[in-house]
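Here are my comments on the model, set out as numbered points. Please read them alongside the sequence and coordinates.

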Amino acid sequence: MKSTILFATVFALVSSSAAFAKMEYKNKFMAFYPDAAAKYGTGMKAQCTICHEKAGPMPTLNLYGKAAKAANFDFKSIESLDSDGDGVKNIDEITQGTYPGDKDSH
Ligand SMILES: [Ca+2]
């Protein structure tokens, strides 16, 4: 019984800290691009999928999310890249409200 409670507690702490970390980066992105919320919408899925394959628990980073992480979330430094390889630079996708990590969105 104690091990079940310990496992549940550790799982809850790890899950919440992971979700908190993601919110931190999402909020950093939204603060850096003040017009982004108007373009992508305010829903969690719409905003999280800027950097993740899909919204939900422990989602996988998409190509833009991986580039942002590699750049230590210095979004400015990856603006001129075309992370998803769809022929449109990241900054142009963000300005248009399309997804810089989704090659089918441009
Ligand atoms: Ca794209």
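1. Helices and strands are taken here as DSSP runs, of at least four residues for a helix (H or I) and at least two for a strand (E), numbered from the N terminus. On that basis the protein reads α-α-α-α-α along its sequence. There are five helices and zero strands.

2. The model is predicted, and confidence should be considered before the details. The mean pLDDT of the protein is 86, and 76% of the residues reach at least 70. Of the elements, helix α1 (residues 2-32) has the lowest mean pLDDT, 68, while helix α5 (residues 90-96) has the highest, 98. Where pLDDT is low, predicted coordinates should not be read in detail.

3. On burial and contacts overall: of the 106 residues in the protein, 22% are buried. Among contacts between residues at least 6 apart in sequence, 23% link residues at least 24 apart.

4. Which residues form the largest nonpolar core? This core has nine residues: Y40, I50, C51, L63, Y64, A67, A68, F75 and Y99. Helix α4 (residues 63-70) supplies the largest share of this core, with four residues. As a general remark, nonpolar side chains in soluble globular proteins tend to be buried together.

5. Helix α4 deserves a separate comment. Its buried residues are L63, Y64, G65, A67 and A68. What covers these buried residues of α4 includes α5.

6. Within α4, Y64 is both buried and a member of the largest nonpolar core. Leaving aside residues up to four places away in sequence, Y64 touches I50, C51, S83, D84, N90, P100 and G101. Among these partners, I50 and C51 also belong to that core.

7. The backbone just after α4 should be checked, since N72 takes a positive phi of about 55° there. N72 is not a glycine, and it sits in the loop between α4 and α5. Is N72 buried or exposed? N72 counts as exposed because it has 7 C-beta neighbours inside 10 Å, and the cut-off for exposed is 12 or fewer.

8. F73 should be examined together with N72. F73 also lies in the loop between α4 and α5, and has a positive phi of about 60° although it is not a glycine. With 16 C-beta neighbours inside 10 Å, F73 counts as partly exposed, because a residue is called buried at 20 or more and exposed at 12 or fewer.

Terms used
Residues are numbered from 1 along each chain as its sequence is written. This is a predicted model: local features need pLDDT of at least 70, side-chain atom pairs count only at pLDDT 80 or more; totals for chains, interfaces and linings use all residues. A nonpolar core is a set of buried Ala, Val, Leu, Ile, Met, Phe, Trp, Tyr and Cys residues joined through C-beta atoms within 7 Å. Two residues are in contact if their C-beta atoms, placed from the backbone, lie within 7 Å. pLDDT is the predictor's confidence in each residue, from 0 to 100.
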